[in-house]
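Please open the structure in your viewer and keep the selection tool at hand, as this tour goes from one selection to the next.

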Amino acid sequence: MATSTSRRRVDIPTAPAIRGLGFRHWSGESDLAGMFAANQLARRADGELEPPTLDGMANYYRHLDHCDLDEDLLVVEIDDRIVGYARVEWTDSNDGERWYECTAALEPAVRRHGIGTAMLAWSETRRAEIRTGLARAGNAPEVPTYLTTYVNDGDVGAHELLRGAGYEPMRRFHEMVRRGLSEVPQIPLPDGLRVRAVGTDRAALRQLYDAAVEAFRDHFGWAGGTDADFESFVEDPDGDASLWVVAFDGDEVAGGVTNIIHGEGDTRQGWLDSVFTRRPWRRRGLARALIARSLVLLRERGLDSAYLGVDATNPNQALDLYESLGFEVASSATAYRKPIGEPEAVR
């Protein structure tokens with residue numbers, strides 16, 4: 001992770017005239033607490049359920065790929081207090097597209113005053129600079145190329161802003177909840193498979209990680225599998241191998257559910273963080289059996305509800321599977337994109 005201690009200011013010509021409003025670059029990990037607080041306020045206002053942790057956010061930022069935090073992160077302040085941020089990066093998706101992505105959060109109390117418009121303008125300028133730099137370095141493949149971003153459906157103003165700027169919806173996602181774990185169906189594993197504990201040494205973690213990467217290669221937008229992504233998985237402070245339910249066929253990982261418990265005391269939430277089945281073991285009821293075992297495990301840890309996220313148009317009918325096991329849609333988000341032309345360097 002970049003550890004810059006500068007507080008370089010950013011001039012955005014379209015910024016609104018709000019007293020105390022300022023924009024600057026990243027000044028190091030000390031920014032994360034304020035960014036996390038703004039993110040949490042935004043998520044709660046938008047109706048999102050999952051409560052990420054500050055430690056988890058820090059781990060994620062330490063392992064970003066294709067993102068130079070010193071240049072690719074915009075911090076938004078009012079009277080020197082962080083109220084939002086925008087981060088840009090690029091990725092090559094698994095379906096042959098290049099995405100120049102923007103992730104942003106803004107406290108609800110300062111929305112609808114033009115700050116989001118300024119953040120979007122900065123992100124588009126910066127993403128154009130990144131694309132031009134890559135093109136000059138010979139990294140401009142002839143593939144469909146888009147500006148992309150992701151918006152919680154509860155943030156009505158962000159949807160209006162993006163549509164007005166020429167972005168179009170390309171995918172929807174849901175957070176789902178299963179309320180009540182007292183009655184969970186007993187679902188047998190497919191013949192020949194068994195659930196056993198996963199070791200926490202690097203070799204065991206690599207086997208599990210690689211199995212999940214393989215399983216997710218045909219999922220929308222999947223871009224994992226990098227060394228940085230693996231290190232983030234290994235060092236994830238929210239990870240707990242005792243909560244994972246993984247099925248083996250001999251020594252091969254067939255599928256798994258990596259569960260997480262967020263929070264403490266009465267605020268604890270159980271999440272089915274990743275649910276995957278490798279191709280040779282699909283259509284045999286494995287995911288259903290592993291989810292049922294996960295619900296029992298969370299119940300044994302004292303929880304009475306479970307949550308997960310899903311691509312609404314997952315090609316493997318994941319939404320139907322989760323609904324059949326008692327999960328209900330609780331919140332949604334939309335991915336947007338806007339096509340962009342040739343970079344300046346190759347015109």
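Two residues are said to be in contact when heavy atoms of theirs lie within 4.5 Å. The model on screen is a predicted one, and the tour begins with a pair of helices.

Select helix 6, residues 202-216, together with helix 7, residues 227-234, and you will see two axes that come within 11 Å and cross at roughly 120°, in a crossing that is right-handed. To view where they meet, display Arg-202, Leu-205, Arg-206, Leu-208 and Tyr-209 from helix 6, and then add Asp-227, Asp-229, Phe-230, Glu-231, Phe-233 and Val-234 from helix 7. The residues of this contact divide into six nonpolar and five charged, with no polar ones.

Next, move to strand 12, which covers residues 328-339, and select Ser-332, which lies in that strand. Is Ser-332 buried or exposed? Its relative accessibility is 14%, so Ser-332 counts as buried, the cut-off for that class being under 20%. Show its side chain along with those of two partners: a polar contact of 2.7 Å joins Ser-332 to His-174, and another, of 3.3 Å, joins Ser-332 to Arg-172. Leaving aside neighbours within four places in sequence, the residues in contact with Ser-332 also include Glu-48, Asn-152, Asp-153 and Phe-173.

Finally, stay in strand 12 and select Pro-339, which is exposed, with a relative accessible area of 58%. Not counting residues up to four places away in sequence, Pro-339 touches Thr-145 and Tyr-146. If you draw a distance from the C-alpha atom of Pro-339 to that of Ser-305, 34 residues apart along the chain, the separation is 40 Å.

Conventions. Residues numbered from 1 in each chain as written. Predicted model: local features only at pLDDT ≥ 70, side-chain atom pairs only at ≥ 80, totals over all residues. Heavy atoms only, no water. Helix = DSSP H or I, 4+ residues; strand = E, 2+ residues; numbered from the N terminus. Buried < 20%, exposed > 50% of the residue type's maximum accessible area, 1.4 Å probe, protein only. Polar contact = N/O pair within 3.5 Å; in protein donor to acceptor, adjacent residues only side chain to side chain. Axes fitted to C-alpha atoms, helices over the stretch in contact; angles between N-to-C directions. Left-handed = near helix turned anticlockwise from the far one by under 90°. Nonpolar A, V, L, I, M, F, W, Y, C, P; charged D, E, K, R; others polar.
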